Amino acid sequence: GNSDSTPASRVIEVLPDTVGDLIPQTNWRLHYVDSEEVTARVSGAAVNAFDGNANTKWHTEWYLTDPDPNVPHEIQIDLSTVYELYGFRYLPRQYALQNGWIYENAFYVSQDGFDWGTPVVSGFFSRDSSEKEVQFPPTAGRYIRLLALSEANGNRWSSIAELNVLGGPFSGSYAPNGTIDTPLE
């Protein structure tokens, strides 16, 4: 009988739309790089690729090496937590020479930084200094890998002024990996 004088209530939290967000570089760490220029007077350290400064750059070795290491070159970054990723932005070096502008490329996402599988996207960047944005199907991952397969002018080097990743918080479960074998009927 009696009616409840306190009606049921539900609290609904509206979260901000994260589509189109850049993943903050704050907690990123270098996981691996095959080559970086750290002996020249202008640093080409790999961490410059994600320092938030378009005036610095990662550049592969060129100063005291002969011959310079040849493409392919790669940089791997630990994002520090799992995100739902769907794209990246590549900014080539922004001053003077075009050395190291990446042309043919492949981009990978990994959960553990060891099993990279196949690239989530691959292709060719335009041969100019503009920032390039590449999107791919949403993929959960903590580690990213940009593989530079060739240089825009046919040289041996690779460079990045800034690398950014598009995505948002990981909000789901990992995709199932296996088969259901019961019941047998």
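**Exercise 1. Burial and salt bridges**

Arginine 142 counts as partly exposed because its relative accessibility is 24%. The cut-offs are these: buried means under 20% relative accessible area, exposed over 50%, and partly exposed in between (1.4 Å probe, protein chains only). The model is predicted: local features need pLDDT of at least 70, side-chain atom pairs count only at pLDDT 80 or more, and totals for chains, interfaces and linings use all residues. Residues are numbered from 1 along each chain as its sequence is written, and side-chain values use heavy atoms, with hydrogens and water left out.

Task: find the salt-bridge partner of arginine 142 and place the pair in the chain.

Solution.
- Step 1. Apply the rule: a salt bridge is a side-chain nitrogen of Lys or Arg within 4 Å of a carboxyl oxygen of Asp or Glu.
- Step 2. Arginine 142 meets aspartate 78, with 2.7 Å from N to O.
- Step 3. Arginine 142 is in strand β6 and aspartate 78 in strand β3, so look for strand limits: strands (E, at least two residues) and helices (H or I, at least four) are DSSP runs, numbered from the N terminus. The two residues are 64 apart, and the pair links distant parts of the chain.
- Step 4. Aspartate 78 counts as buried because its relative accessibility is 7%.
- Step 5. Widen the view: Arg29, Asp78 and Arg142 are linked in a network of salt bridges.

**Exercise 2. Two further bridges**

Task: compare the burial of both partners in the bridge of arginine 145 and in the bridge of lysine 132.

Solution.
- Step 1. The side chain of arginine 145 pairs with that of glutamate 74 (2.7 Å, N to O). This pair also links distant parts of the chain: arginine 145 sits in strand β6 (residues 132-148) and glutamate 74 in strand β3, 71 residues apart.
- Step 2. Arginine 145 is buried because its relative accessibility is 14%. Glutamate 74 is buried too, at 13% relative accessible area.
- Step 3. Lysine 132 pairs with aspartate 128 (2.6 Å, N to O).
- Step 4. Lysine 132 is buried at 7%. Aspartate 128 is partly exposed at 30%.
- Step 5. For the whole protein, the rule gives five salt bridges.

**Exercise 3. Fold and long-range contacts**

Task: list the strands and helices, then find what lies close in space to histidine 59 and glutamate 162.

Solution.
- Step 1. There are zero helices and eight strands. The pattern along the sequence is β-β-β-β-β-β-β-β.
- Step 2. The protein has 185 residues, and 39% of them are buried.
- Step 3. Histidine 59 is in strand β2. Its relative accessible area of 3% makes histidine 59 buried.
- Step 4. Serine 158 is 99 residues from histidine 59 in sequence, but 5.8 Å away in space, C-alpha to C-alpha.
- Step 5. Glutamate 162 is in strand β8 (residues 162-169). Glutamate 162 is buried, at 5%.
- Step 6. Alanine 54 is 108 residues from glutamate 162 in sequence and 5.9 Å away, C-alpha to C-alpha.

**Exercise 4. Backbone exceptions**

Task: where is the cis peptide bond, and which residue other than glycine has a positive phi?

Solution.
- Step 1. Recall the background. Most residues other than glycine have a negative phi, and most peptide bonds are trans.
- Step 2. Valine 71 and proline 72 are joined by a cis peptide bond, with omega about 10°. Proline 72 lies in the loop between β2 and β3.
- Step 3. Serine 80 has a phi near 80°. Serine 80 lies in strand β3. Its accessibility of 23% makes serine 80 partly exposed.

**Exercise 5. Surface patch**

Task: which residues form the nonpolar patch on the surface with about 330 Å² of accessible area?

Solution.
- Step 1. Patches take residues with over 30% relative accessible area and no salt bridge; like charges are joined within 9 Å, nonpolar side chains (Val, Leu, Ile, Met, Phe, Trp, Tyr) within 5 Å. Areas come from the Shrake-Rupley method with a 1.4 Å probe; for residues, only the protein chains shown count as cover.
- Step 2. The residues are Trp62, Tyr63 and Leu64.
- Step 3. Leucine 64 is in the loop between β2 (58-59) and β3 (73-91). Leucine 64 counts as exposed because its relative accessibility is 63%.
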